[in-house]
Amino acid sequence: MRTLQPATTALDEQRIPVRAKLAAAWTSLVLLYAYVDILAFFKPGVVKDIEAGVVFEFDISQTLFAVFLTLMAIPAFMVVLSMILPARANRTTNLIVASIQVPFAAFNAVGESWRYFYGLGVALELIVLALILRYAWTWPRTAR
């Protein structure tokens with residue numbers, strides 16, 4: 001008795017909407033930012049500095065944390081905005097915000113002694129930002 005085996009066929013390649021690509025890329029960027037920050041807690045002296053009231057070179061304050069939260073909220077909001085904004089506004093917003101995020105991502109490696117760790121983090125973040133810029137720049141157009 002033989003068991004029927006399904007015929008092997010090519011996988012169905014469905015086109016992924018630009019909005020979904022952008023939202024997924026922004027989600028990846030937020031996760032990379034978060035994981036780099038979380039893993040940085042394991043660097044020697046970081047927790048000690050935090051307990052002493054210092055983050056990087058800055059004194060811990062509500063103002064500092066409000067700035068940090070604002071900087072992290074921007075890419076987090078881009079996940080939602082990439083799905084809900086009209087196409088033209090979506091494209092423009094993604095091009096502007098991703099362009100502004102490039103120097104912000106690169107700044108995270110400035111002056112760091114852990115060059116491999118932060119270098120890899122920044123490189124990965126820049127790759128995701130490049131994808132966002134590419135997806136937004138090459139957004140398909142329809143004929144009028």
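**Exercise 1. Find what share of the 144 residues in the chain is buried.**

Solution. Buried residues make up 26% of the 144 residues in the chain. Buried means under 20% relative accessible area, exposed means over 50%, and partly exposed lies in between (1.4 Å probe, protein chains only). The model is a predicted one: local features need pLDDT of at least 70, side-chain atom pairs count only at pLDDT 80 or more, and totals for chains, interfaces and linings use all residues. Residues are numbered from 1 along each chain as its sequence is written, and side-chain values use heavy atoms, with hydrogens and water left out.

**Exercise 2. Describe the layout of the chain, and decide whether it is spread out or a compact globule.**

Solution. Start with the elements. The chain has 5 helices and 2 strands. Helices (H or I, at least four residues) and strands (E, at least two) are DSSP runs, numbered from the N terminus. Along the sequence their order is α-α-β-β-α-α-α. Next, take the radius of gyration, which is 20 Å. The globule rule gives 15 Å for 144 residues, so the chain is more spread out than a compact globule. That radius is taken over C-alpha atoms, and the rule is 2.2 Å times the number of residues to the power 0.38. Last, the box: along the principal axes, the C-alpha atoms fill roughly 70 × 55 × 25 Å.

**Exercise 3. Name the residues that touch the most other members of the largest nonpolar core.**

Solution. A nonpolar core is a set of buried Ala, Val, Leu, Ile, Met, Phe, Trp, Tyr and Cys residues joined through side-chain atoms within 4.5 Å. The largest one has 16 residues. Leu22, Trp26, Leu29, Leu129 and Ile132 touch the most other members. Now find the suppliers. Helices H1 (18-40), H4 (87-107) and H5 (115-137) each supply at least two residues. H1 gives the most, with 6 residues. Then look at Leu22. Contact means heavy atoms within 4.5 Å. Beyond residues up to four places away in sequence, Leu22 touches Ser82, Asn90, Asn94, Ile132, Tyr135, Ala136 and Trp139.

**Exercise 4. Work out how Trp114, Phe117 and Tyr118 are linked into a cluster.**

Solution. The structure holds 4 aromatic pairs. Rings of Phe, Tyr and Trp (its six-membered ring) pair if their centres lie within 6.5 Å; planes under 30 degrees apart count as stacked, over 60 as edge-to-face and the rest as tilted. Take Trp114 and Phe117: their centres are 6.4 Å apart and their planes stand at 85 degrees, so the pair is edge-to-face. Then take Phe117 and Tyr118: the centres are 4.8 Å apart and the planes at 75 degrees, so this pair is edge-to-face. Ring pairs thus link Trp114, Phe117 and Tyr118 into a cluster. Finally, check cover. Trp114 is partly exposed at 37% relative accessibility. Phe117 is partly exposed at 23%. Tyr118 is buried at 6%.

**Exercise 5. Characterise the surroundings of Trp137, and say whether Trp137 is buried or exposed.**

Solution. Trp137 lies in helix H5. With 59% relative accessibility, Trp137 counts as exposed. Apart from neighbours within four places in sequence, Trp137 contacts Arg91 and Leu95. The charged end of Arg91 sits over the ring of Trp137, 5.3 Å from its centre. A charge sits over a ring if NZ of Lys or CZ of Arg is within 6 Å of the ring centre and within 35 degrees of the ring normal. One last distance: Trp137 and Ile96 are 41 residues apart in sequence and 11 Å apart in space, C-alpha to C-alpha.
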